[in-house]
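Me: I'm new to this one, and I'd like a close look at a single part of it rather than a quick tour. Please pick a spot in the interior and work outwards from there.

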Amino acid sequence: MAVYTQVTPDDLDRLLLDFDLGSQVALEGIQGGIENTNYFVTLKQDMQEQQYVLTLFEELSGEELPFFVELAQWQAERGIPLPYGITDRNGIAQKRLNDRPAMLQPRFAGRHIARDQLKPEHCAEVGQALARFHTASKDFYLSRQAHRGVFWWRSESSRIQSLLSAEDAQLLLNEVKLFDELRDQGDKLPSGIIHGDLFHDNVLFDGDKLSAILDIYNAATAFWLFDLAIVANDWCSLPNGKIDPTREQALLKAYNSERPFVDFEYEAWPILTRTAAMRFWLSRLIPALGVEQGMRSGDVETKIKDPDELKQILLARIETPAALPQ
């Protein structure tokens, strides 16, 4: 579920007093996603109806949110199709509603494609879009340490070690160490703002064309290739964890056509595909083991995803090392 904080029509009307967007027609909770509360909002102005998305942030504080507000505006101005905060009549996008940071955003047309319905064409679309996202943010003036980046996975892998089988604990620690060795040569890898969570359910398609990139709230400063590895592991994996080479090659070639790979990325790619699998395996292991830290207020029930899915992808990446197209 993704309505953790209830919003009534009266609540919405109070928020709309700051805007010149018309009057409320409909307010509907969105039953999808994990981290935030989302509503579809329909407003009417001059006999025309327009749809928006209202997001209440359940984990990000008001002090953390400006990075994402600025990033979304920056990307939208450079033609990247993603939701951005609509400003009120005073030029302010970041609001507060029901004791939560909140933002009203445009709603994009399109639908999610289920993983088992993904085709090479979809993977090519997201590869090209991700490369454009990276290059568009090249000169972005803010930076951010990932909430679940290298320092997090170092500490958390140690914290849960005693709760895992000896085999799983060793696998996890080996992957953390492998990335640390790569990170020592990190100056050879292009870096900048990454999306950080571009799974297939964070993209909308209108037909077979990508219409929007959603949920940039894991964006941070990191290796661009790590971001691509996150996408490859999700968009190109089969139910048994192995990788569909046709989809992966479509993804990588499309990305490379927009942002050509540098020499060291060819060496780093097989490692980063493993790191990306490890990171999401770890983030799923923690709630599955019942040792989640920093839960939402009120002990809101959250959806627990199967950690074994990412473990199988990691094992497949170890068995068959990934390779970038030459």
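Reply:

**Starting from the core**

Let's start with Trp269: setting aside neighbours up to four places away in sequence, this residue is in contact with Leu225, Leu228, Ala229, Ala232, Glu248, Leu252, Ala322, Ala323 and Leu324. Keep in mind that you're looking at a predicted model.

Where does Trp269 fit in the bigger picture? It's one of the residues that touch the most other members of the largest nonpolar core, alongside Trp153, Leu228, Trp235, Leu251 and Leu272. That core has 82 residues in all. Its largest share, 13 residues, is supplied by helix H8, which covers residues 263-288.

Trp235 is worth a stop too. It sits in helix H6, and its relative accessibility is 0%, so it counts as buried. What does it touch? Not counting residues up to four places away in sequence, the list is Leu118, His122, Cys123, Val126, Leu198, Phe199, His200, Val203, Phe205 and Arg247. Leu251 is 16 residues away from Trp235 in sequence, and the C-alpha atoms of the two are 8.7 Å apart in space.

Now bring in helix H9, residues 307-319. Its 13 residues should span 18 Å at 1.5 Å a residue, and its end C-alpha atoms are 19 Å apart, which agrees. Which residues of H9 are buried? They are Pro307, Leu310, Lys311, Ile313, Leu314, Ala316 and Arg317. Many of those numbers are spaced in a way that fits a general rule: an α-helix has 3.6 residues a turn, so residues three or four places apart point the same way. The buried residues of H9 pack against H5, H6 (224-235), H7 and H8.

Some of these helices are held by charged pairs as well. H7 (245-258) carries Glu258, which makes a salt bridge with Arg132, with the closest N and O atoms 3.2 Å apart. Arg132 belongs to helix H3 (120-136), so the pair ties together parts that are 126 residues apart in sequence. Glu258 is partly exposed at 31% relative accessible area, and Arg132 is partly exposed at 40%.

A second pair, Arg154 and Asp180, meets at 3.0 Å, N to O. Arg154 lies in helix H4 (150-159) and Asp180 in helix H5 (166-183), so this bridge links parts that are 26 residues apart in sequence. Arg154 is partly exposed, at 31%, and Asp180 counts as partly exposed at 22%. There's also a network of salt bridges that links Arg115, Asp234, Arg284 and Glu309. In total the structure holds 20 salt bridges.

Moving outwards, you'll come across another core. It lies apart from the largest core and has 17 residues, including Leu16, Val41, Tyr52 and Ala102.

Val41's number falls within strand E2 (37-45), so let's look at the sheet, where 5 strands line up in the order E1-E2-E3-E5-E4. This sheet is open and its pairing is antiparallel. E1 and E4 stand at the edges with a single partner strand each, so one side of each has no neighbour in the sheet. On average, neighbouring strands are turned by 35° against each other, direction ignored.

How are the strands joined? E1 and E2 share 6 bridges, and one bridge partner pair there is Glu28 and Phe40. E2 and E3 are joined by 9 bridges, with Thr42 opposite Gln51. The hairpin of E2 and E3 has 2 residues between the strands, and Asp46 takes a positive phi near 55° there. Between E3 and E5 there are 5 bridges, with Leu56 standing opposite Ala102.

Helix H1 lies across E1, E2, E3 (48-56), E4 and E5 (100-106), and runs at about 130° to E1.

One last link is a salt bridge between Lys95 and Asp18, whose closest N and O atoms are 2.9 Å apart. Lys95 is in strand E4 (95-97) and Asp18 is in the loop between H1 (9-16) and E1 (23-29), so the pair ties together parts that are 77 residues apart in sequence. Lys95 counts as buried at 14% relative accessibility, while Asp18 is partly exposed at 32%.

Key: Residues are numbered from 1 along each chain as its sequence is written. This is a predicted model: local features need pLDDT of at least 70, side-chain atom pairs count only at pLDDT 80 or more; totals for chains, interfaces and linings use all residues. Side-chain values use heavy atoms; hydrogens and water are left out. A salt bridge is a side-chain nitrogen of Lys or Arg within 4 Å of a carboxyl oxygen of Asp or Glu. Helices (H or I, at least four residues) and strands (E, at least two) are DSSP runs, numbered from the N terminus. Buried means under 20% relative accessible area, exposed over 50%, partly exposed in between (1.4 Å probe, protein chains only). Two strands pair if DSSP finds at least two bridges between them. Axes are lines fitted to C-alpha atoms, for helices over the stretch in contact, and angles run from 0 to 180 degrees between N-to-C directions. Contact means heavy atoms within 4.5 Å. A nonpolar core is a set of buried Ala, Val, Leu, Ile, Met, Phe, Trp, Tyr and Cys residues joined through side-chain atoms within 4.5 Å. The expected span of a helix is 1.5 Å times one less than its number of residues.
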